[in-house]
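Me: Could you walk me through this structure, one feature at a time? I'd like to learn how to read each one.
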Amino acid sequence: MFNLNRVTLLGNVTHDPDIRSTKNGKPMAFLSVATSRRHKNQDGEYVSEPTYHRLVCWGTLADLAKRIPKGAPLFAEGRIQHSTWKDKDGAEKMSSEVVVDQLILLARDGTKKTAA
Amino acid sequence: MKSVNKVILLGNTTRDPELKATVNGQSVATFGLATNRVWKDHTGVKQSLPEYHNLVAWGGLAEFCAQNVRKGKPLYVEGYLKTRSWDGPEGSKIFRTEIVLENLVLLGPRDGTEGLPEAAAEHAPIPGEEMRT
């Protein structure tokens, strides 16, 4: 059966990229992006609530991600991946990441850089 | 700056919705959806891996889910990502990322027993006031 798992994000990068590589030297980078959602609270006032997303970039996207500074506006598309693992105390941990396949850096000077 | 946080999933429901109400009477339904990613590895062999998502619906959409969404049925959903956190044992923080639904379409053959619409959508979450008896 046909399946679909697509995530589209547009927001600001909240940290400088976390650059890593796998044991066999494959480059990867983690980016952190914040989006915000406005909603009405119980008193009927609009409040803005941020969500922080963890993005994983591989290969050429990781090379692009390296150059994205904190604060930059960014467009990203990919799929969501949930992972569980045990921490050093044996407690079950869970995290969700967006595995990026398209990145567009919406730089402040108006220039665009893209990779796919 | 305005931002975008949009998720589209098409997959199979993995568990029946569980309908609850918050303290102020707002309905909330939670259930699971699996998507399957299929790709060819470097030797050309087809591989597939499932991804299990936790979905949350509020208000009228929650009640619609509780009535119509069934385990095993294919489902199309749109929504946004939201990460909740709470304190776990020994002061550690637990994070859970869920997809909060804004729209859904029931897919696949309908249940013969109930005269339900095959596809229903645009159920805007209803504010908590006019809720449940």
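Reply: Gladly! Keep in mind that this is a predicted model. Let's begin with contacts in chain B: among those with a separation of 6 or more, 57% link residues 24 or more positions apart.

Me: Which elements does chain B have, and in what order do they run?
Reply: Start with the inventory, then read along the chain. Chain B contains 5 strands and 1 helix. Going from the N terminus, the order is β-β-β-α-β-β.

Me: How many of the residues of chain B count as buried?
Reply: Here we count neighbours: a residue is buried if 20 or more other C-beta atoms lie within 10 Å of its own. By that test, 23% of the 133 residues in chain B are buried.

Me: Now the two chains together. How many residues does each give to the contact?
Reply: Look at each side in turn. Chain A supplies 26 residues and chain B supplies 25. On the chain A side, the elements giving two or more residues are strand 1 (4-13), strand 3 (27-40), strand 4 (46-58), strand 5 (73-86) and strand 6 (92-106).

Me: Which strand of chain A gives the most to that side?
Reply: Strand 1 of chain A does, with 9 residues. Sorted by class, the side of chain A that touches chain B has 13 polar, 11 nonpolar and 2 charged residues.

Me: In what sense do strand 1 of chain A and strand 1 of chain B pair?
Reply: Follow the bridges from one strand to the other. These two strands pair in the antiparallel sense, over 7 bridges. For one concrete pair, find Val7(A): its bridge partner in strand 1 of chain B is Val7(B).

Definitions and conventions. Residues numbered from 1 in each chain as written. Chains lettered and ligands numbered in written order. Predicted model: local features only at pLDDT ≥ 70, side-chain atom pairs only at ≥ 80, totals over all residues. Helix = DSSP H or I, 4+ residues; strand = E, 2+ residues; numbered from the N terminus. Buried ≥ 20, exposed ≤ 12 C-beta atoms within 10 Å, placed from the backbone. Contact = placed C-beta atoms within 7 Å. Nonpolar A, V, L, I, M, F, W, Y, C, P; charged D, E, K, R; others polar. Pairing = 2+ DSSP bridges.
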